[in-house]
Amino acid sequence: MAAAQGGHGFGPVRPVELPDIGVTRHDGAHLRLREVFQGRRTAVQFIFVDCQTACPLLGSLFRKVDKALGDTETQLVSFTVNPERDSAERLAEWRKSFAASPRWMGLRVEAADLPGLLAVFGQESGPPTGHTLQVFLVDSSGRYVARTTELPGAAAVAAALRVDANQPDANPAKVGEVASGRDLFEGRGGVMASVGSDRLDPRAARCSGCHGGAGEGGGEGKTVVPSLRGTALTKLTPRRGGPASAYSQGTFCASLRSGVDAVGVQFSPLMPRYEIDNRSCAILWQFLTNGQ
Ligand code: HEC
C-alpha cells in the first residue's frame with residue numbers, strides 16, 4: 001500500500017528549462033546555473049540572509065530535509081533574492097548556521113539576472129522582503145517541474161526528491177509526450193493524486209500498487225481493493241452496497257477525480273483522487289478495458 005506523505009505536497013507544472021546564466025556558490029566558485037542542476041534532482045527555495053521571519057522557517061525546513069535525505073544523489077539550493085547585499089561569504093555563514101551538508105548550496109545570481117530567474121519559477125521580482133515560502137523542484141535534466149503552493153513539510157520535500165533518485169523511470173511524462181496506458185497504470189504518467197489532504201507523488205499513487213500488477217484487485221486486512229480488469233469495470237455489478245452499476249469511460253474518469261462512483265457512492269478514503277486530464281484518462285481506460 002502506498003503511504004501518504006504529510007504536509008503540503010508538490011503539484012506538477014509545465015516543465016521549464018532553467019536559463020543558462022552565471023551563478024556564484026557560497027564557497028565563491030563561479031559556475032553556470034545549468035551545470036549546477038545537471039544530473040541531480042534539486043529542491044529550490046528563495047531566501048535572503050537578513051530576513052528574520054520566513055527565512056528561519058525555510059532554513060530549518062531544508063535542514064530537516066537535508067538530514068532526512070541520507071545518502072541520496074539529491075541537492076538543495078537556497079537562492080538569495082538580495083544579491084546586492086548577500087555575498088558568497090554571507091551565504092556561507094547562513095548555510096553554516098543550519099549545519100548544512102555539502103548537498104545544500106547557497107547560490108547568488110547577478111542582480112540583473114534575478115528577475116529572469118524568478119520569472120521561471122513564476123515569481124515577481126521586487127524588494128527582497130516579498131519572497132515566497134514555496135519550494136520548487138528541478139529534475140535531473142535541469143527543468144523546473146513541480147512546486148508547492150506554500151511552505152511544505154520536510155517529509156514531502158524529501159519524498160519528492162527521492163522519487164527520481166531511486167526510481168529513474170518515475171519522472172513525469174515529458175511535455176508533448178503522452179504516457180502510455182501501462183505507464184499511467186504503473187505511476188509513470190506524472191499524474192498527481194491526494195488522499196485526504198495529503199498529496200501523493202505519481203509513483204506513490206500508482207494504481208498497480210493497490211490494485212495489483214495486472215489490476216486483479218486484492219486487499220489488506222478488511223480493505224477490499226476491487227479488480228480493475230475491463231470485464232469487472234464494465235459489467236453491471238452491485239458495488240459498495242449500492243445498486244448495480246457499470247463504468248463507462250466518462251464515469252470512470254469522473255470517479256478518479258471525485259472519489260465518488262458511477263451511482264454516487266463515495267469510495268473509501270484509501271482510494272486516492274487523481275488530477276488526471278481527459279486525454280490521459282481515456283488512454284488509461286483503453287488500457288484497462290482493451291489492453292490486458
Ligand atoms: C492507495 C491504494 C489505491 C491506489 C493507489 C488506487 N486505488 Fe483504486 N481503489 C482503492 C480501494 C481501497 C478501492 C475500493 C474503494 C471502495 O470500495 O470504497 C478502490 C476502488 C477503485 C475503483 C472502483 C471500482 C469499483 O468496482 O467500483 C476504481 C475504478 C479504481 N479504484 C481505479 C483506480 C485507478 C485507475 C488507480 C490509479 C490511477 C487507482 N484506483 C489507484 C485503492 C487504491
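This is the transcript of a short presentation on the iron site and several individual residues of one protein structure.

Good morning, colleagues. Please bear in mind throughout that the model is predicted.

I begin with the metal. Which residues of the protein donate to the iron atom of the ligand? They are H211, through NE2, and M271, through SD, at 2.0 to 2.2 Å from the iron. The iron has 6 donor atoms, and the angles among them run from 89 to 180°, giving an octahedral site. The two protein donors bring distant parts of the chain together: H211 belongs to helix 7, residues 207–211, while M271 lies in the loop between helix 9, residues 249–258, and strand 15, residues 273–274. Along the chain, H211 and M271 are 60 residues apart.

Are these two donors buried or exposed? H211 has a relative accessible area of 9% and counts as buried, because the limit for that class is under 20%. M271, at 22% relative accessibility, is partly exposed.

I turn next to the surroundings of the ligand. The ligand occupies the largest pocket. How many residues surround the ligand? There are 22, and the closest are C207, C210, H211, R240 and M271. Three elements, namely helix 7, strand 12 (residues 223–225) and helix 9, each contribute at least two residues to this shell. Helix 7 gives the largest share, with 3 residues.

The polar contacts of the ligand deserve separate mention. R240 places a polar side-chain atom 2.5 Å from an oxygen atom of the ligand. In the side chain of Y247, an N or O atom is likewise found 2.5 Å from a ligand oxygen. S268 takes part through its backbone, where an N or O atom lies 2.6 Å from an oxygen atom of the ligand.

Let me stay with R240 for a moment. R240 is located in the loop between strand 13, residues 237–238, and strand 14, residues 244–245. With 38% relative accessibility, R240 is partly exposed. Its backbone also merits attention. Most residues other than glycine have a negative phi. R240, which is not a glycine, has a positive phi near 55°. Thus one residue, R240, combines a positive phi with a side-chain contact to a ligand oxygen at 2.5 Å.

Where else does a positive phi occur in a residue that is not a glycine? A99 is one such place, with a phi of about 50°. A99 lies in the loop between helix 3, residues 88–97, and strand 6, residues 104–108. At a relative accessible area of 42%, A99 is partly exposed. P102 is found in that loop between helix 3 and strand 6 as well. P102 is exposed, since its relative accessibility of 75% lies over the limit of 50%. From P102 to D66 the C-alpha separation is 9.5 Å, although their positions lie 36 residues apart in the count along the chain.

I return to helix 7 and its residue C207, one of the closest residues to the ligand. C207 is buried, with 14% relative accessible area. The C-alpha atoms of C207 and P272 are 9.3 Å apart, while the two residues are 65 apart along the chain.

Two further residues belong to the region of helix 9 and the loop that follows. Q249 is part of helix 9 and is partly exposed at 32% relative accessibility. Its C-alpha atom is 9.6 Å from that of N278, which is 29 residues away in sequence. V263 lies in the loop between helix 9 and strand 15, the loop that also holds M271. V263 is partly exposed, at 36% relative accessibility. Between V263 and R239, 24 residues apart in sequence, the C-alpha distance is 9.0 Å.

Finally, I draw your attention to Q134. This residue lies in the loop between helix 4, residues 114–120, and strand 7, residues 136–138. What does the side chain of Q134 reach? It reaches the backbone oxygen of T148, at 2.9 Å. Q134 is buried, with a relative accessible area of 13%.

To conclude, the iron atom has H211 and M271 as its protein donors, in an octahedral site, and the ligand that carries the iron sits in the largest pocket. Thank you for your attention.

Definitions and conventions:
Residues are numbered from 1 along each chain as its sequence is written. This is a predicted model: local features need pLDDT of at least 70, side-chain atom pairs count only at pLDDT 80 or more; totals for chains, interfaces and linings use all residues. Side-chain values use heavy atoms; hydrogens and water are left out. Donors are N, O and S atoms within 2.8 Å of the metal (3.2 Å for Na, K and Ca); water is not among the atoms, so sites may look incomplete. Four donors count as tetrahedral if all angles lie between 85 and 135 degrees; four count as square planar and six as octahedral if opposite donors are over 155 degrees apart and all others between 65 and 115; anything else is irregular. Helices (H or I, at least four residues) and strands (E, at least two) are DSSP runs, numbered from the N terminus. Buried means under 20% relative accessible area, exposed over 50%, partly exposed in between (1.4 Å probe, protein chains only). A residue is near a molecule or strand if one of its heavy atoms lies within 4 Å of it. A polar contact is a pair of N or O atoms within 3.5 Å; within protein, one must be able to donate a hydrogen and the other to accept it, and residues adjacent in sequence count only if both atoms are side-chain atoms. On a 1 Å grid over the protein atoms alone, a cavity is a set of points where a 1.4 Å probe fits but cannot get out, and a pocket is an open set with protein on both sides within 12 Å along at least five of seven lines; lining residues have an atom within 4 Å of a point. A molecule sits in a cavity or pocket if more than half of its atoms lie within 2 Å of its grid points.
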